Amino acid sequence: MNGKDRTGDGPGSVGDPDVAPPSAPEGSQRAVDADQTSADADQSAADADQSAADADQSDSAADQASADSDQRASDRDQVTADRDHAADTHATGADQSAYETSREERESASVERFGNRLDRSSTAHDRELTATDRDSNAETRDEGGRARDARATDLPDASTQSQADLIRQLEELRTQAGADRARAAADRARAAADRANAARERDRLEAELRSAHLDELTGAYRREMGRMALTHEIDRARRSDGQFVVAFVDVDRLKIVNDREGHAAGDRVLQTVVREIRSRLRSFDPIIRYGGDEFVCGIGGTDLEEAKRRFNLIGDAIEADARVGISVGLAALSMGDTVDQLTERADAAMLEIKATHHSRQ
């Protein structure tokens, strides 16, 4: 074997100056194939994006329509039951019990629908973020397509008919891909506008819903919805371990804060109270604004000792943050308790605690 063979400089080797580089038609064909593959990928991604967006919207609309229908049916049933109950002058104890049970079941279902609607609102927000990400990815793909179009202008001039045909095919493909991208971008813009309109409408409806059921200042339940939420949680407790505690909370010295610093300062105290209570309860434990400076809380899966420990921590945090104290009465669920009976016992316990606080001042 000679030296040329060992060094790779023989005829036909890569370094041989007599071997021509890949022909221009081959380069053009590769560009055509690459653009076609990229265009197909872009279209597949765009189709998947649109399908996902349509499915999201359909699911959300179906969920809401079903919930609204259920709520209207429940409201009609309640109106009918109330009317029949008021007109029945011969109702027995069993009839009264059946009426109360039916009413509590409907109230519990209303609470669940309210919570589910808030959950759907949160999910819709997540879908909007996902859709925005999809739009961003699509814009990135469009940028890549435009870059490919720019590179295509660097192809060598056609020297043969086959090269001219390939370059013409590439130009047609590039033009079509550009038109597809433009249409997709316009579709995305319309979809984004639709999402923005839907979000505004959802925010409006959610604000109305919250205004109807939640205290505007503190975010706690209003009294009527709060009673429903307590009933719902009591039913849940009875189906599990039977442990449930109601806490009746009264804010001490709030009038002094209002008189000394103004009602805005008093409002901040109330917000602090709810914030500190919520931070030490589970997300689904109901907090109700029962009166101006009174709150009722329901705590499932716990006993009186644990509830007392939690509210001692809550009271310390409120004292440190808002410079006011709280008086807390606790009552544990017993067999046969109604929500009103349990709340009344907690209220009575709170009054005893409050009297103790006043005697120390």
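1. A good place to start is the aromatic pairing: there is one aromatic pair in the structure. The model is a predicted one, so please read every value here as computed from it. The partners are Phe248 and Tyr290, with ring centres 5.2 Å apart and ring planes at 70 degrees; since an angle over 60 degrees counts as edge-to-face, that is the class this pair falls into.

2. It is worth seeing where the two rings come from. Phe248 belongs to strand E1 (residues 244-251), while Tyr290 lies in the loop between strand E2 (287-289) and strand E3 (294-300). With 42 residues separating them, the pair links distant parts of the chain.

3. How do the two partners fare for burial, buried or partly exposed? Phe248 is buried, its relative accessible area being 1%. Tyr290 is partly exposed, at 26%. The cut-off for buried is under 20%.

4. Tyr290 has a further partner that you may like to look at. Over its ring sits the charged end of Arg223, 3.7 Å from the ring centre. A second arrangement of this kind involves Arg236, whose charged end sits over the ring of Phe284 at 4.7 Å from the centre.

5. Back to strand E1, the home of Phe248. Eight of its eight residues are buried, so the strand is largely enclosed by the rest of the structure. Both faces are covered: one side carries Phe244, Val246, Phe248 and Asp250, and the other carries Val245, Ala247, Val249 and Val251. Note that Asp250 is among the buried residues.

6. Which strands does E1 pair with? Seven bridges join E1 to E3, and the two run antiparallel. Strand E4 (residues 326-332) is also joined to E1 by seven bridges, again antiparallel. For checking the register on screen, Phe248 has Val296 as its bridge partner in E3, and Val249 stands opposite Val328 in E4.

7. Finally, a helix contact. The axes of helix H6 (residues 254-261) and helix H7 (residues 263-279) come within 7 Å and cross at roughly 145 degrees. On the H6 side the contact uses Leu254, Val257, Asn258 and Glu261; on the H7 side it uses His263, Ala265, Gly266, Val269 and Leu270. By type, these residues split into five nonpolar, three polar and one charged.

Conventions: Residues numbered from 1 in each chain as written. Predicted model: local features only at pLDDT ≥ 70, side-chain atom pairs only at ≥ 80, totals over all residues. Heavy atoms only, no water. Phe/Tyr/Trp six-rings, centres within 6.5 Å; stacked < 30°, edge-to-face > 60°. Helix = DSSP H or I, 4+ residues; strand = E, 2+ residues; numbered from the N terminus. Buried < 20%, exposed > 50% of the residue type's maximum accessible area, 1.4 Å probe, protein only. Lys NZ or Arg CZ within 6 Å of the ring centre and 35° of its normal. Axes fitted to C-alpha atoms, helices over the stretch in contact; angles between N-to-C directions. Contact = heavy atoms within 4.5 Å. Nonpolar A, V, L, I, M, F, W, Y, C, P; charged D, E, K, R; others polar. Pairing = 2+ DSSP bridges.
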